[in-house]
Amino acid sequence: MSQFDNTPDRRDFWSFKWQKYAGQDVIPCWVADTEFRCAQPILEAIQKQTEYGNLGYSLPAQHQPANQAVVRWLKDKHDWAIEAEWIVWTPGVVPAFNVAIKAYCEPGDKVLIQTPNYPPLLAAPGLNNTQRVDIPTKLEAGRWTIDLAALEEQAADPLCKLIILCNPMNPVGSVMTQAEIDAIAGICARHNVALCSDEIHCDLILEEGVRHIPAGRVEQLANRSVTLMAASKTFNVAGLGTSFAIIPDASLRRKFTQGAAGIVPWANVMGLVATEAAFTQCDDWLAEQIAYLRGNRDYLVERINAIDGLEVVSSEATFLAWIDATGLGVEDVLKWCESKGVGPSPGRDFGEPGFFRINFGCSRAMLKDILDRLSS
């Protein structure tokens with residue numbers, strides 16, 4: 001038995017995911033956190049901080065262990081040698097990409113967003129008085145990829161100041177190739193557009209032979225990019241509200257911090273402690289989780305593609321599956337799922353009402369129950 005088979009019962013601990021269907025016979029598999037218990041070194045690090053007894057202010061930029069842990073992680077896992085001064089800590093990637101819009105755009109400017117995408121990212125341009133321009137994702141040879149021709153066309157508009165990408169892609173699960181990243185870098189350079197890359201799932205690569213390429217590591221993007229990362233999805237510490245932006249260019253970094261000033265709070269000390277532990281002591285735990293998630297993904301793909309009206313492409317990364325339900329011929333896909341006792345993320349929230357997203361970051365037993373219900 002794997003440690004990931006033994007998940008804690010979250011129903012009495014005010015879990016956002018589980019509260020949605022509290023008191024109903026519906027298994028929640030929507031919001032993107034996993035059901036897994038955190039790695040023991042993370043729990044011990046948090047306990048040590050608690051036992052110390054003082055939870056006063058800790059300025060993230062001065063928290064050397066957390067900053068050095070990020071430097072170590074990016075070099076070891078992503079072959080990216082960064083300077084600690086490039087790190088800007090934030091209380092989540094959602095505040096961070098909203099700050100990026102505020103920092104690099106004026107009201108009325110255009111922000112390019114690949115679609116489908118997760119709801120907070122779709123909402124961000126409108127919240128910041130800018131125009132959202134959707135760049136479609138298309139299925140080619142059994143893999144979802146961004147429409148680069150559409151991206152080029154829209155980026156040429158002088159009102160376009162910023163592109164926000166999600167890599168690995170949420171919800172479709174693709175990891176951008178070197179050729180795709182290079183093409184995007186060329187578009188940004190030709191049209192003088194900044195790039196904000198949400199890479200929160202970058203350490204959850206499931207496909208053998210696939211490697212994540214951080215945006216800021218690409219030479220052509222180094223001076224025009226903001227790369228957003230966190231331990232939160234990978235190590236299931238999202239509730240601690242801690243993430244970071246890597247901004248190599250000093251001018252872009254200054255604009256970003258000015259955009260956040262007075263509005264965005266510091267990342268909290270528990271999140272810093274958890275990130276440090278995750279990025280220095282949990283490599284083996286992560287490897288075991290990746291293997292478990294790969295097994296869950298393969299099981300889900302086999303089961304879903306055997307259900308009439310449903311179809312899914314195997315995700316290269318993340319613990320999320322983007323399921324095409326257009327073949328069902330039903331008016332409301334979410335209601336169809338809920339009628340079977342399953343609560344996924346509705347595709348309409350991502351811009352595709354004929355789809356739904358399942359979170360398979362759970363025990364194999366829970367996943368089997370979800371798939372059994374959908375098959376019934």
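This short talk describes two sheets, a surface patch and several salt bridges in the structure shown above. Please note at the outset that it is a predicted model.

Let me begin with the sheet of five strands. It is open, its order is β1-β12-β13-β11-β10, and its pairing is mixed. At its edges stand β1 and β10 (311–312), each with a single partner strand, so one side of each is left without a neighbour in the sheet. Helix α13, residues 364–375, packs on this sheet and touches β1, β12 and β13. The direction of α13 makes about 105° with that of β1.

Within this sheet I would draw your attention to β12, residues 342–346. Is β12 mostly covered or mostly open? The strand is mostly covered, and five of its five residues are buried. On one side, β12 runs parallel to β1 (residues 27–29), and three bridges join the two. In that pairing P28 stands opposite G343, and the bridge partner of C29 is P344. Strand β12 is also joined to β13, residues 355–359, by two bridges, and here the strands run antiparallel. In this second pairing, S345 of β12 stands opposite R357 of β13.

I turn now to the other sheet. Eight strands form it, in the order β2-β9-β8-β7-β6-β3-β4-β5; this sheet too is described as open, with mixed pairing. Its edge strands are β2 (87–90) and β5 (143–146), each of which pairs on one side only. On average, neighbouring strands of the sheet are turned by 25° against each other, direction being ignored. As one example of its pairing, β8 (residues 225–229) and β9 (residues 243–246) are antiparallel over three bridges. There, T227 stands opposite I246 in β9. Helix α9, residues 250–260, lies across β2, β8 and β9, and runs at about 20° to β2.

Next, the surface. Which residues make the nonpolar patch of about 410 Å²? They are Y57, L59 and W266. Of these, Y57 belongs to the loop between α2 (40–52) and α3 (64–78). Y57 counts as exposed because its relative accessible area is 80%, and the cut-off for that class is over 50%.

Finally, the salt bridges, of which the structure holds 25. I shall present three of them.

In the first, the side chains of R10 and E35 meet at 2.9 Å, N to O. This pair links distant parts of the chain: R10 is in the segment before α1 (16–19), E35 is in the loop between β1 and α2, and 25 residues separate them. Both partners are buried, R10 with a relative accessible area of 17% and E35 with 2%.

In the second, K138 and E140 meet through their side chains at 3.2 Å, N to O. Here K138 is partly exposed, at 34% relative accessible area, and E140 is likewise partly exposed, at 41%.

The third joins E208 and R294, at 3.6 Å, N to O. Why does this pair tie together separate parts of the chain? E208 lies in the loop between β7 (194–198) and β8, whereas R294 lies in helix α11 (residues 283–304), so the contact spans parts that are 86 residues apart in sequence. E208 is exposed, with a relative accessible area of 62%, while R294 is partly exposed, with 22%.

To close, I return to R10 and E35. Together with K17 and D33, they are joined into one network by salt bridges that share partners.

Conventions: Residues are numbered from 1 along each chain as its sequence is written. This is a predicted model: local features need pLDDT of at least 70, side-chain atom pairs count only at pLDDT 80 or more; totals for chains, interfaces and linings use all residues. Side-chain values use heavy atoms; hydrogens and water are left out. Buried means under 20% relative accessible area, exposed over 50%, partly exposed in between (1.4 Å probe, protein chains only). Helices (H or I, at least four residues) and strands (E, at least two) are DSSP runs, numbered from the N terminus. Two strands pair if DSSP finds at least two bridges between them. Axes are lines fitted to C-alpha atoms, for helices over the stretch in contact, and angles run from 0 to 180 degrees between N-to-C directions. Contact means heavy atoms within 4.5 Å. Patches are made of residues with over 30% relative accessible area and no salt bridge: like charges are joined within 9 Å, nonpolar side chains (Val, Leu, Ile, Met, Phe, Trp, Tyr) within 5 Å. Accessible areas come from the Shrake-Rupley method with a 1.4 Å probe; for residues, only the protein chains shown count as cover. A salt bridge is a side-chain nitrogen of Lys or Arg within 4 Å of a carboxyl oxygen of Asp or Glu.
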